[in-house]
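Reader: I would like to learn how to read a sheet and a cavity. Please take one example of each.

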Amino acid sequence: MNLHKRLYLILVVAIFTSCGQTKTDNTAAATAEQKPSETELDLSKEKLDRFGITNKDHLSAASIRALKWDYVENDWYRVFNQMKPLKGDLAHEPGVVRRDPSAMIMENGKYYVWYSKSVGKTDGFGGDVENDKVFPWDRCDIWYATSEDGWTWKEEGIAVPRGEKGAYDDRSVFTVEIMKHEDMYYLCYQTIKSPYDVRTKNEVGLAWASSPNGPWEKSKEPILKPADNGVWEGTEQNRFLVEKKGDFDSHKVHDPCILPHNGKFYLYYKGEQMGEEILFGGRQIRHGVAVADNPKGPYVKSKYNPISNSGHEICVWPVDGGIASLITTDGPERNTFQWAADGINFEIRGAVKGANMPHAIGLNRTIEVGGDNPTKIFDWGLSHVYNSWHEQSIMRFDSYRKTSHVAPGEKSRDAKKKK
Ligand code: AAL
């Protein structure tokens, strides 16, 4: 069988299998978007001409993929500038880790941000995990800071401390996100119970307050836990040795972020699987979502999980009645903007230039985003840098929208259209 016949066969099998799937997830089934594999290839003259496909009887795998793209516009293209240091209390401080900033919100005329903070050198694994600091994000508390201009920050103190010995969050609370809903504030964050070894499961906690300055009340139990269907091989502390990997989130649930959507609360998160592999030149990292009727839960994992096979830290914002997501760092779809009308079935909307890409982004939720500029929220915001493995600091990113690619003096396509 020659190559193009084989490709057609794969396509037909893909269409057949996806059509046979039953949709059982109530959280998504009602609004599920049509999947790209269910769409017919558009072989119209206009489409073939646009993609420069000369012979429709000899479609390469790349041409078939291009014809399956369901969104081919350029309104999601962004270029990031080099990140800039913050001033005041959030400037780089020797011996201190400040990282993984939350989104920023505006309260009492000031920007507010929450973040992970720890001190001291990072020891790594293999030593005394009861007493060492194994990662920069180990032995963290959640702190917060305020600023009038987004450049100079005042550290206000601890918002959420680690729990008492024996609690599910007694070792570290970190990588926090903020949601304001009906005059209540919700912080969701990662939690670790001591000892912190390479096989330790990571969970998600929640705290709420009626003021951004607290006091914060913590959930008695985690609001999200890893799947418990993976099986470690042996008892050695090696996270790559498994008898069964289990669900995409069988080891860790990370980077939680709750967004109100369609009258419910969507908790987006990163999953790490037991027996993680390196795939497509990156770590095998996936995203999932859990949905609740109330901000405090209970959160039920979507049956459609994982909802992304690429990405790292969660970076999601509402656009055009749906949810947009910036996929960074890992997986074949890294450095893409994606969008889902239903908050579950994400499709690529555009690629982002890799240069200067911020990671662990704290979005600026004070920026209003309309459908005409869906990535406007990236005009400026917060991220972090590694000054070293022992010190990290929060930085400010900014970016601009790129709509044309012209040489100096050359007219853009838009300029011609305007005539
Ligand atoms: C980040 C995030 C989570 C991890 C660690 C701190 O990139 O994915 O927050 O636990 O690294």
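Reader: In what order do the 4 strands of the open sheet lie?

Author: Strands of a sheet pair through backbone hydrogen bonds, either parallel or antiparallel. Here the order is S21-S22-S23-S24, with antiparallel pairing. Strands S21 (316-319) and S24 (347-351) each have a single partner strand and stand at the edges, so one side of each is left without a neighbour in the sheet. From one strand to the next the twist averages 30°. Strands (E, at least two residues) are DSSP runs, numbered from the N terminus; two of them pair if DSSP finds at least two bridges between them. The twist rests on axes, which are lines fitted to C-alpha atoms, with angles from 0 to 180 degrees between N-to-C directions.

Reader: How many bridges join S23 to S24?

Author: Strand S23 (residues 336-340) is joined to S24 by 4 bridges. Phe337 stands opposite Gly350 in S24.

Reader: What source should I keep in mind?

Author: This is a predicted model, where local features need pLDDT of at least 70, side-chain atom pairs count only at pLDDT 80 or more, and totals for chains, interfaces and linings use all residues. Residues are numbered from 1 along each chain as its sequence is written, and side-chain values use heavy atoms, leaving out hydrogens and water.

Reader: Which strands each supply at least two residues of the lining of the largest cavity?

Author: A cavity is a set of points on a 1 Å grid over the protein atoms alone where a 1.4 Å probe fits but cannot get out; lining residues have an atom within 4 Å of a point. Strands S9 (172-181) and S15 (252-261) each do so. Among the lining residues are Thr175, Val176, Asp255 and Pro256.

Key: 1 Å grid on protein atoms, 1.4 Å probe; cavity = no way out; pocket = protein on both sides within 12 Å on 5 of 7 lines; lining within 4 Å.
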